[in-house]
Amino acid sequence: DEVRIRMAKLEAARANLKEGETIEDEGPKPISYAAAIRIPMVAQYAFAFGFFKLTNYVLFFWLPYFLGKNFDPVTANLIAACYSVGMMPGGIIVGYVSD
């Protein structure tokens with residue numbers, strides 16, 4: 001709703017412009033990090049997302065190493081590649097299911 005109001009004001013201002021004049025839509029002012037953390041659930045989401053990324057990078061970098069101890073190198077690399085490739089459709093599927 002705020003966006004429609006701002007767009008209507010911008011169009012009205014553009015209609016009153018003289019030739020050669022320009023107008024810029026600056027949009028709303030950004031908020032600080034401290035103000036963003038005070039929004040409900042932002043700190044909890046950021047904390048959970050940090051652990052998710054930690055887990056993802058640990059698996060991404062260490063999975064080939066640990067698989068190489070139990071499998072031949074070709075099989076270990078194939079399994080590690082399946083993990084990386086599986087993240088692409090997995091993200092889409094999880095996004096669709098969560099909506």
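**Exercise 1. The length of helix 4**

Task: In this predicted model, what span should helix 4 (residues 73-98) have at 1.5 Å a residue, and how far apart are its end C-alpha atoms?

Solution:
- Step 1. Helix 4 holds 26 residues.
- Step 2. The expected span is 1.5 Å times one less than the number of residues, which gives 38 Å for helix 4.
- Step 3. The end C-alpha atoms of helix 4 lie 36 Å apart, and this agrees with the expected span.
- Step 4. Helix 4 also carries a kink of about 35° at Met 87, shortly before the proline Pro 89.

**Exercise 2. Helix 3 and its bend**

Task: How far does helix 3 reach from its first C-alpha to its last, and at which residue does helix 3 bend?

Solution:
- Step 1. Helix 3 counts 29 residues, with 42 Å expected at 1.5 Å a residue.
- Step 2. In the model, helix 3 reaches 41 Å, close to that expectation.
- Step 3. The bend sits at Trp 62 and comes to about 45°.
- Step 4. Within four residues of Trp 62 follows a proline, Pro 64.

**Exercise 3. Ring pairs along helix 3**

Task: Is the pair of Tyr 57 and Phe 61 stacked or edge-to-face? Then classify the pair of Trp 62 and Tyr 65.

Solution:
- Step 1. Two values are needed: a pair of aromatic rings is described by the distance of the centres and the angle of the planes.
- Step 2. Rings pair if their centres lie within 6.5 Å. The model has eight aromatic pairs by this rule.
- Step 3. Tyr 57 and Phe 61 are 6.2 Å apart, centre to centre, with 20° between the planes. Planes under 30 degrees apart count as stacked, so this pair is stacked.
- Step 4. Tyr 57 and Phe 61 are four residues apart in helix 3 (residues 42-70), so about one helical turn separates them.
- Step 5. Tyr 57 is partly exposed at 44% relative accessibility. Phe 61 is exposed, at 56% relative accessible area.
- Step 6. For Trp 62 and Tyr 65, the ring centres are 5.5 Å apart and the planes stand at 85°, so the pair is edge-to-face.
- Step 7. Trp 62 and Tyr 65 are three residues apart in helix 3, again about one helical turn.
- Step 8. Both rings belong to partly exposed residues: Trp 62 has 45% relative accessibility, and Tyr 65 has 43%.
- Step 9. Ring pairs also link Tyr 45, Phe 49 and Phe 52 into a cluster.

**Exercise 4. The whole chain**

Task: How many helices and strands does the protein have, and is the protein a compact globule or more spread out?

Solution:
- Step 1. The protein has four helices and zero strands. The pattern along the sequence is α-α-α-α.
- Step 2. For 99 residues the globule rule gives 13 Å; the radius of gyration is 24 Å, well over that value, so the protein is more spread out than a compact globule.
- Step 3. The C-alpha atoms fill a box of roughly 75 × 35 × 25 Å along the principal axes.
- Step 4. Tyr 96 and Ala 15 lie 42 Å apart, C-alpha to C-alpha, and 81 residues apart in sequence. Tyr 96 is placed in helix 4 and is exposed at 70% relative accessibility.
- Step 5. Of the 99 residues, 5% are buried. The protein exposes about 8,900 Å², and carbon and sulfur atoms supply 68% of that area.

**Exercise 5. Confidence**

Task: Which element has the lowest mean pLDDT, and which the highest?

Solution:
- Step 1. The average pLDDT of the protein is 89, and 100% of the residues score at least 70.
- Step 2. Helix 1 (residues 2-15) has the lowest mean, 85. Helix 2 (residues 33-37) has the highest, 94.

Key
Residues numbered from 1 in each chain as written. Predicted model: local features only at pLDDT ≥ 70, side-chain atom pairs only at ≥ 80, totals over all residues. Heavy atoms only, no water. Phe/Tyr/Trp six-rings, centres within 6.5 Å; stacked < 30°, edge-to-face > 60°. Helix = DSSP H or I, 4+ residues; strand = E, 2+ residues; numbered from the N terminus. Buried < 20%, exposed > 50% of the residue type's maximum accessible area, 1.4 Å probe, protein only. pLDDT = per-residue confidence, 0-100. Bend = angle between axes of the 7 residues up to and from the residue. Rg over C-alpha atoms; globule rule 2.2 N^0.38 Å. Areas by Shrake-Rupley, 256 points an atom, 1.4 Å probe, with all protein chains shown as cover.
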